[in-house]
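Here are my comments on the model you sent, set out as numbered points. They begin with a single residue and widen from there to strands, a helix and pockets.

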Amino acid sequence: MSLPIVIIGSGFAAYQLVKTLRRQDTEQAITVITANGGDDYAKPDLSHVFTKAQSAKDLIKMSADEFANTYGITLLSHSRVESIDATKKTLRCNGESIAYQQLILATGARAFVPPFRGTRWVESLP
Ligand SMILES: Cc1cc2nc3c(=O)[nH]c(=O)nc-3n(C[C@H](O)[C@H](O)[C@H](O)COP(=O)(O)OP(=O)(O)OC[C@H]3O[C@@H](n4cnc5c(N)ncnc54)[C@H](O)[C@@H]3O)c2cc1C
């Protein structure tokens, strides 16, 4: 059996990729590794949680298990990738080494706050 395509992350980018890959190939092994629970939800819906008096569960379109079964993937939730060896095509996660055929980093982004005068961050500089 061929090595899996491994996707790190279970956000919009990762799950759209899973759906696209499955449309092209139903057999290819796919492993999703995610630091969170792996439930499928739309982040922009967070904007309406207070006004609609919703709970976290109300946002879930598909649970992690449902998503994994529907798209035939191996899903490692609550699992943080600690390191990647791109030469050997392996990564370390949960103290184990996982080999991959191809690796996709769908790990999101962090907001950058520009350093302009008036922000607490700049005021605290020496
Ligand atoms: C309130 C709100 C409203 C928004 N509204 C809009 C909108 O109207 N229009 C729009 O275009 N965008 C909007 N966005 C932005 C949009 O939701 C995000 O750009 C998009 O969800 C990012 O998806 P992503 O898959 O790239 O990353 P993320 O959803 O951030 O997913 C990153 C994944 O990587 C995993 N991960 C990271 N590091 C590791 C690691 N080391 N090991 C394992 N897993 C790891 C995380 O657990 C997570 O599953 C909004 C966002 C928010 C919060």
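1. Lys 89 is a convenient place to start: in this predicted model Lys 89 counts as partly exposed, because its relative accessible area is 39%, a value that falls between the limits of 20% for buried and 50% for exposed. Lys 89 belongs to the loop between β4 and β5, and its phi is positive, about 55 degrees, although the residue is not a glycine. As background, most residues other than glycine have a negative phi, so a reader may wish to look at the backbone of this turn.

2. The strands on either side of that loop form a hairpin, β4 and β5, with four residues between them. Strand β4 (residues 81-85) and β5 run antiparallel and are joined by four bridges, and within this pairing Ile 84 has Leu 91 of β5 as its bridge partner.

3. A second hairpin is made by β5 and β6, with two residues between the strands. Here too the strands, β5 (residues 90-93) and β6 (residues 96-99), run antiparallel and are joined by four bridges, and Thr 90 stands opposite Ala 99 in β6. Asn 94, in the loop between β5 and β6, has a positive phi of about 55 degrees without being a glycine. Asn 94 is counted as partly exposed because its relative accessibility is 48%.

4. Which residues does Thr 90 contact, once its neighbours within four places in sequence are left aside? They are Ile 84, Asp 85, Ser 97, Ile 98, Ala 99 and Tyr 100. Thr 90 is placed in strand β5, and it counts as buried because its relative accessibility is 18%, where the cut-off for buried is under 20%.

5. Ile 98, in strand β6, also counts as buried, because its relative accessibility is 17%. Not counting residues up to four places away in sequence, Ile 98 touches Val 6, Ile 33, Leu 76, Lys 89, Thr 90, Leu 91 and Cys 93, so that the list includes the turn residue Lys 89 discussed above. By contrast, Ile 98 and His 78, which are 20 residues apart in sequence, have C-alpha atoms 16 Å apart in space.

6. For helix α3 (residues 64-71), the buried residues are Ala 64, Phe 67, Ala 68 and Tyr 71. These residues lie on the same side of α3 because they cover an arc of only 95 degrees around the axis. The spacing fits a general rule: an α-helix has 3.6 residues a turn, so residues three or four places apart point the same way. The buried residues of α3 pack against α1 (12-24) and β3 (74-76), whereas the face turned away from the buried side carries the exposed residues Asp 65 and Asn 69. After the helix comes Gly 72, whose phi is positive, near 60 degrees.

7. Two loop residues deserve a separate look. Gln 28, in the loop between α1 and β2, counts as buried because its relative accessibility is 14%; leaving out residues up to four places away in sequence, Gln 28 touches Ser 2, Leu 3, Pro 4, Ile 5, Arg 22 and Gln 101. His 48, in the loop between β2 (30-33) and α2 (56-59), counts as partly exposed because its relative accessibility is 36%. The C-alpha atoms of His 48 and Ser 77 are separated by 26 Å, the two residues being 29 apart along the chain.

8. The largest pocket has a volume of about 570 Å³ and is lined by 23 residues, of which Ser 10, Gly 11, Asn 36, Ala 106 and Thr 107 lie nearest its centre. Its lining is made up of 11 nonpolar, eight polar and four charged residues.

9. The second largest pocket has a volume of about 160 Å³. The residues that line it are Asn 36, Gly 37, Gly 38, Asp 39, Tyr 41, Leu 46, Ala 56, Lys 57, Leu 59 and Ile 60, and by class they divide into five nonpolar, three polar and two charged. Asn 36 therefore appears in the lining of both pockets.

How values were computed. Residues numbered from 1 in each chain as written. Predicted model: local features only at pLDDT ≥ 70, side-chain atom pairs only at ≥ 80, totals over all residues. Heavy atoms only, no water. 1 Å grid on protein atoms, 1.4 Å probe; cavity = no way out; pocket = protein on both sides within 12 Å on 5 of 7 lines; lining within 4 Å. Points joined across faces, edges and corners; volume = space filled by probe spheres on them. Nonpolar A, V, L, I, M, F, W, Y, C, P; charged D, E, K, R; others polar. Pairing = 2+ DSSP bridges. Buried < 20%, exposed > 50% of the residue type's maximum accessible area, 1.4 Å probe, protein only. Arc of directions from axis to C-beta. Contact = heavy atoms within 4.5 Å.
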